[in-house]
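Please find below a colleague's note, set out as numbered points for discussion. The structure is shown first.

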Amino acid sequence: MSSLSVILPLALVLAGASPGAGDELLEEVAAYRYGQSREPLFRLSEEVRASLADPGERGEMEARLVDFVESDATVEAREIACRELRLIGTESAVPALSRLLLNPKLGDAALFALASIPVPEATDALSAALGASSGRLRVGLIQALAQRGVAHPAFHEIAGGDDPEAAAAATWALGHTGDVDDARRILETAEPSLEAREAALRIAERSGDAGEPVFRRLLDPSESAAVRV
């Protein structure tokens, strides 16, 4: 990423905002790289938290950070902005963060921000990104969606895929979001893992009487003592 010397004046970078103390602070933050003084970051964090007391100030701060994450600031600085959007972000921040999800350098930061913003738009963005994701980002998306109670249709496919970490995450997600039919499908795989059995058990535990067939299946003498217990 380019340094501060090639960043446009903040009046342009930050959506036409008039220069002020806050803009000067963001100019400092825009050049931040790991190993440098974190003092500007601490001041930014203080300003973000102070803005929570006033809806107008909070909205203005959010708008500035949203523009900032798509600016020419350093990757490190944009990661910091994503972190702050975890605290004050609303549906207004979702489009910019969504565009960063598949960015190899900023995807994790964008994911953590979106996962912390409790609006349907954020859930939709996380869900839409799952199909094109891979590796650690895919695992994070699965976990974030499951924590929101989203039973994503891709969980079953991923659970049977050849990426062991994503498969384990998807199986765990099914345990948190699936129904009894999902539990049956999990147990019908050729050799369901212990994690798969635990996921099926979790589904059965919250399914009332409908979960009885799953319990009976897991009590079969062919199961290990650990599973039966």
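The points below concern one helix, a pocket and a single glutamate in this predicted model.

1. Helix α11 covers residues 164–177, 14 residues in total. From its first C-alpha to its last the helix reaches 20 Å, close to the 20 Å expected at 1.5 Å a residue. At the N-terminal end, α11 is capped by D163, which places a side-chain oxygen 3.1 Å from the backbone nitrogen of E165.

2. The buried residues in α11 are A166, A167, A169, A170, T171, A173, L174, G175 and T177. Their cover includes α9 (135–147) and α10 (155–159), together with α12 (180–187) and α13 (194–205).

3. The largest pocket holds about 280 Å³ of space. It is lined by 16 residues, and those closest to its centre are A159, G160, T171, T189 and A196. Two or more lining residues come from each of α10, α11, α12 and α13. Helix α11 gives the most, with five residues. T171 thus deserves a remark under both headings: it is buried in α11 and is among the residues closest to the pocket centre.

4. As to chemical class, eight residues of the lining of the largest pocket are nonpolar, five are polar and three are charged.

5. Is E76, in helix α5 (residues 75–88), buried or exposed? E76 counts as buried because its relative accessibility is 13%, and the cut-off for buried is under 20%. Apart from neighbours within four places in sequence, E76 is in contact with Y32, R33 and Y34.

How values were computed: Residues numbered from 1 in each chain as written. Predicted model: local features only at pLDDT ≥ 70, side-chain atom pairs only at ≥ 80, totals over all residues. Heavy atoms only, no water. Helix = DSSP H or I, 4+ residues; strand = E, 2+ residues; numbered from the N terminus. Expected span 1.5 Å × (residues − 1). Buried < 20%, exposed > 50% of the residue type's maximum accessible area, 1.4 Å probe, protein only. Contact = heavy atoms within 4.5 Å. Polar contact = N/O pair within 3.5 Å; in protein donor to acceptor, adjacent residues only side chain to side chain. 1 Å grid on protein atoms, 1.4 Å probe; cavity = no way out; pocket = protein on both sides within 12 Å on 5 of 7 lines; lining within 4 Å. Points joined across faces, edges and corners; volume = space filled by probe spheres on them. Nonpolar A, V, L, I, M, F, W, Y, C, P; charged D, E, K, R; others polar.
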